[in-house]
Amino acid sequence: QVMLVESGGGLVQAGDSLRLTCAASGRSFSSYAMAWFRQAPGKEREFVASIFGKISNHTPSVRGRFTISKDDAKNTVYLQMNSLKPEDTAVYYCAAGLPYRVAAQYYESWGQGTQVTVSS
């Protein structure tokens, strides 16, 4: 397993940008798929984006606005979020697990989460 620590959340206005960072510790960082999930109050945790090697995947609601990337040398994953909307408000979680999966059950390591709040 890897240990994950997210940072970068905050309170912003609609249309603003934020960059979330997930720092990973442990061996074999590059062997895991890395992903971002989010959970809004009263809702299920949902897939946002994942990356494995050079292949990334973004859920349709964020495609064109959010971009996942990673730096293997720094064991770090990023989520650049542009044109934020109030409906993006949620706790965002970083996760490590199997590649090419969108279901949370396939991710074995999770961070503690970082709150993103977008005001209208």
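This is a short tour of a predicted model, from one strand to a disulfide, a salt-bridge network and a pocket.

The model is predicted, so local features need pLDDT of at least 70 and side-chain atom pairs count only at pLDDT 80 or more, while totals for chains, interfaces and linings use all residues. Residues are numbered from 1 along each chain as its sequence is written, and side-chain values use heavy atoms, with hydrogens and water left out.

**Stop 1: strand β4**

Select residues 33-39, which form strand β4. Strands here are DSSP runs of E with at least two residues, numbered from the N terminus. Six of the seven residues of β4 are buried, so the strand is largely enclosed by the rest of the structure. Buried means under 20% relative accessible area, exposed over 50%, and partly exposed in between, with a 1.4 Å probe and protein chains only.

Next add residues 90-97, strand β9. Seven bridges join β9 to β4, and the two run antiparallel; strands count as paired if DSSP finds at least two bridges between them. To line them up by eye, find Q39, which stands opposite V91 in β9.

Then add residues 46-52, strand β5. This strand pairs with β4 over five bridges, also in the antiparallel sense. Here A35 stands opposite S50. The hairpin of β4 and β5 has six residues between the strands, and in this hairpin G42 takes a positive phi near 75°.

**Stop 2: the disulfide**

Select C22 and C94, which are joined by a disulfide with an S to S distance of 2.1 Å. The criterion is a pair of cysteine sulfur atoms within 2.5 Å, and a search of the whole structure finds one. C22 lies in strand β3 (residues 18-25) and C94 in β9, so the pair ties together parts that are 72 residues apart in sequence. The torsion about the S-S bond is about -80°, so the disulfide is left-handed. Both cysteines are buried.

**Stop 3: the salt bridges**

A salt bridge is counted when a side-chain nitrogen of Lys or Arg is within 4 Å of a carboxyl oxygen of Asp or Glu. By this rule there are four. Start from R38, which is buried at a relative accessible area of 5%.

- R38 and E46 meet at 2.6 Å, N to O. E46 is partly exposed, with a relative accessible area of 35%.
- R38 and D88 meet at 3.0 Å, N to O. R38 lies in β4 and D88 in the loop between β8 (76-81) and β9, so this pair ties together parts that are 50 residues apart in sequence. D88 is buried, with a relative accessible area of 1%.
- R65 and D88 form a salt bridge whose closest N and O atoms are 2.7 Å apart. R65 sits in the loop between β6 (55-58) and β7 (66-71), 23 residues from D88. R65 is buried, as is D88.

Show these residues together: salt bridges that share partners join R38, E46, R65 and D88 into one network.

**Stop 4: the largest pocket**

Keep R38 and E46 selected and add A40, K43 and E87; these five lie nearest the centre of the largest pocket, among its 14 lining residues. By class, the lining has three nonpolar, three polar and eight charged residues, where Asp, Glu, Lys and Arg count as charged, Ala, Val, Leu, Ile, Met, Phe, Trp, Tyr, Cys and Pro as nonpolar, and the others, Gly among them, as polar. The pocket volume is about 170 Å³, the space filled by probe spheres set on grid points joined across faces, edges and corners. A pocket is an open set of points on a 1 Å grid over the protein atoms alone, where a 1.4 Å probe fits, with protein on both sides within 12 Å along at least five of seven lines; lining residues have an atom within 4 Å of a point.

How values were computed:
Helices (H or I, at least four residues) and strands (E, at least two) are DSSP runs, numbered from the N terminus.
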